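Here is a short set of exercises to work through with the model open in your viewer. Try each task first, then compare your steps with the solution.

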Amino acid sequence: MDELRTKYIDAIAAAADEAALEELRVQAVGKKGEVSLKMRELGKMTPEERQVAGPALNALKNEINSALAAKKVALADAALDARLATEWLDVTLPARNRRVGTIHPISQVTEEVTAIFADMGFAVAEGPQIETDWYNFDALNIPGHHPARAEMDTFYTHRAEGDERPPHVLRTHTSPVQIRSMEKTGAPIRIICPGRVYRADYDQTHTPMFHQVEGLALGKDISMANLKWVLEEFFSAFFGTEVKTRFRASHFPFTEPSAEVDIQCSWEGGTVKVGEGDDWLEVLGSGMVHPKVLEAGGIDPNEYQGFAFGIGIDRLAMLKYGIPDLRAFFDSDLRWLRHYGFASLDQPTLHGGLNR
Ligand code: DAH
C-alpha cells in the first residue's frame with residue numbers, strides 16, 4: 001500500500017497536463033485500477049484482516065482522489081497564468097490617430113432644408129422608395145397613357161411571367177408621399193418630404209438616383225401667395241441672402257395652376273452666384289394641388305385647398321457649395337468626400353446661419 005501511495009502521489013505531482021492526470025486516475029482508482037483491484041481482494045480476507053485493510057484502502061483511495069483534484073486546479077491556474085502573461089493589453093497606451101469621417105453635402109443640405117421648413121411649421125414625412133404605380137402616378141393624376149410616365153424614364157421592377165399586376169416602380173419623385181401623408185393625417189397638413197428618387201438618366205447634371213424635397217400645405221384658405229412667401233423665405237434663409245424668385249406658368253398633372261420657379265443668379269467666370277445679377281436658374285416645380293389629387297388622398301376638394309412643391313436637393317447643394325459635377329456626389333471618392341464633406345459637429349441651425 002505504501003508503495004502504491006508513493007507511486008501515485010509522486011506521479012500526480014509530476015503530471016504535466018490534464019490528459020496525463022486522467023490517465024493516472026484510470027490507472028489508480030478507475031474500475032480496473034490498481035487500488036480498485038486491491039479492494040476486490042478484501043472479500044478473500046479474514047474479517048480481522050479486512051478490518052485493518054478496508055479502512056486503509058479507503059483512505060488511500062481518498063488521498064489519491066484529493067491529490068488528483070488539487071493537481072487539476074493547480075494545472076488550470078498555471079494555464080490561466082500563462083495565458084494572462086501572453087495576452088496582456090496596455091489599456092493606458094494613447095489611441096492611434098484616426099481620420100474622422102465627414103457629413104456628405106446631401107445630408108448636410110437635407111438637414112439645412114429641414115431646419116428651415118421646421119421653423120415655418122412643416123413636419124417631415126416619409127414614404128417608400130419602391131412604390132406602387134398607383135401612388136407614383138395614378139393618384140397624382142398621371143393616368144396610364146399620360147406622356148409624363150414616359151418622360152420620367154421610370155425604373156420598373158420585374159414581375160414573374162403571367163403575373164398581370166402592374167409592376168412596382170422606383171419612385172420617380174417624392175410626390176407620392178403627398179398622397180400617403182394625406183391618407184395618414186388628413187387636412188389641414190403641412191409637411192415636407194426629403195428623400196431619394198430614381199430615373200434612368202446620366203450626365204453632368206443627372207444621376208440615376210438623386211434627391212428631392214417635396215412640400216405640401218393644405219388648409220381652408222391657403223393660396224398661391226402663401227406658396228410664394230414660403231419659397232422666398234426658404235431660399236433667403238438657405239442661401240443666407242435675399243433671393244428673388246420668378247414664377248413661370250408651367251404644367252404638372254398634379255397641380256392647377258402650376259408654376260416653375262427660378263431663382264435670381266449671376267454667371268461670372270463660369271461660376272454661378274445666387275441672389276445677385278439678372279440671370280435665372282430653375283430650381284423647382286410647384287402649384288396648387290389638383291382637386292383629383294386631393295380626392296385620391298381622401299380629402300374633399302370643396303373644403304380644402306393648398307400648394308405643393310418639389311425641389312431638387314442635389315441642385316441646391318451644387319449651387320450653395322459650388323460643386324460643379326453631380327456625378328461625383330455618388331462616386332464615394334474619399335478625396336472628394338474629405339474636400340466637400342462637413343465636420344460632424346457642424347449641425348446646421350438657423351441661429352448659426354446654417355452654412356459654416
Ligand atoms: N414631382 C415633380 C418632378 O419630379 C416636381 C413637382 C412639381 C412637385 C410640382 C410638386 C409640384 O409637388 O407641385 O418633376
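Ser332 sits in the loop that links α11 (313-321) to α12 (334-340). Bear in mind that this is a predicted model.

**Exercise 1. Two residues with unusual phi**

Task: Find the sign of phi at Ser332, then decide whether Ser332 is buried or exposed.

Solution: Start with the backbone. Phi of Ser332 is positive, about 55°, although the residue is not a glycine. As background, most residues other than glycine have a negative phi. Next, take the accessibility: Ser332 has a relative value of 58%. The cut-off for exposed is over 50%, so Ser332 counts as exposed.

Task: Do the same for Asn141: what is its phi, and is Asn141 buried or exposed?

Solution: First locate Asn141 in the loop between α6 (133-136) and α7 (147-151). Its phi is also positive, at about 65°, and Asn141 is not a glycine. Relative accessibility is 17%. Buried means under 20%, so Asn141 counts as buried.

**Exercise 2. Cis peptide bonds**

Task: Work out where Pro188 and Pro257 lie, and describe the peptide bond that leads into each.

Solution: Take Pro188 to begin with. The bond joining Ala187 and Pro188 is cis, with omega about -5°. Pro188 belongs to the loop between α8 (176-185) and β4 (189-198). Now move to Pro257. The peptide bond from Glu256 to Pro257 is cis, with omega near -5°, and Pro257 is part of strand β7 (residues 255-268).

**Exercise 3. The surroundings of Tyr198**

Task: Describe how Tyr198 of strand β4 is packed.

Solution: Begin with accessibility. The relative accessible area of Tyr198 is 14%, so this residue is buried. Then list the contacts, leaving aside neighbours within four places in sequence: Gln129, Phe155, Leu170, Arg171, Thr172, Pro208 and Met209. One of these, Gln129, makes a side-chain to side-chain polar contact with Tyr198 at 2.4 Å. Another, Arg171, is 27 residues away in sequence, with a C-alpha to C-alpha separation of 6.0 Å from Tyr198.

**Exercise 4. Thr110 in its helix**

Task: Which backbone atom does the side chain of Thr110 approach, and is Thr110 buried or exposed?

Solution: Place Thr110 in helix α5 (residues 105-119). A polar atom of the Thr110 side chain lies 2.6 Å from the backbone oxygen of Ile106. Beyond four places in sequence, Thr110 is in contact with Pro194 and Ile313. With a relative accessible area of 18%, Thr110 is buried.

**Exercise 5. The ligand shell**

Task: Characterise the residues around the ligand, then look at individual polar atom pairs.

Solution: Count the shell. There are 15 residues around the ligand, the closest being His173, Ser175, Arg199, Gln212 and Glu214. Sort them by class: 4 are nonpolar, 9 polar and 2 charged. Map them onto strands: β5 (209-219), β9 (279-289) and β10 (305-312) each contribute at least two residues.

Now inspect the distances:

- A ligand oxygen is 2.6 Å from a side-chain N or O atom of Glu214.
- A ligand nitrogen is 3.0 Å from a side-chain N or O atom of Ser175.
- A ligand oxygen is 3.2 Å from a polar backbone atom of Ala308.

Finish with the area: the ligand alone exposes 350 Å², and the protein buries 91% of that.

**Exercise 6. Domain layout**

Task: How far apart are the C-alpha centres of domain 1 and domain 2?

Solution: Take the bounds from the domain assignment, which gives domain 1 as 2-86 and domain 2 as 110-329. The two C-alpha centres are 85 Å apart.

Definitions and conventions. Residues numbered from 1 in each chain as written. Predicted model: local features only at pLDDT ≥ 70, side-chain atom pairs only at ≥ 80, totals over all residues. Heavy atoms only, no water. Domains from an automatic or database assignment. Near = heavy atom within 4 Å. Polar contact = N/O pair within 3.5 Å; in protein donor to acceptor, adjacent residues only side chain to side chain. Areas by Shrake-Rupley, 256 points an atom, 1.4 Å probe, with all protein chains shown as cover. Helix = DSSP H or I, 4+ residues; strand = E, 2+ residues; numbered from the N terminus. Nonpolar A, V, L, I, M, F, W, Y, C, P; charged D, E, K, R; others polar. Buried < 20%, exposed > 50% of the residue type's maximum accessible area, 1.4 Å probe, protein only. Contact = heavy atoms within 4.5 Å.
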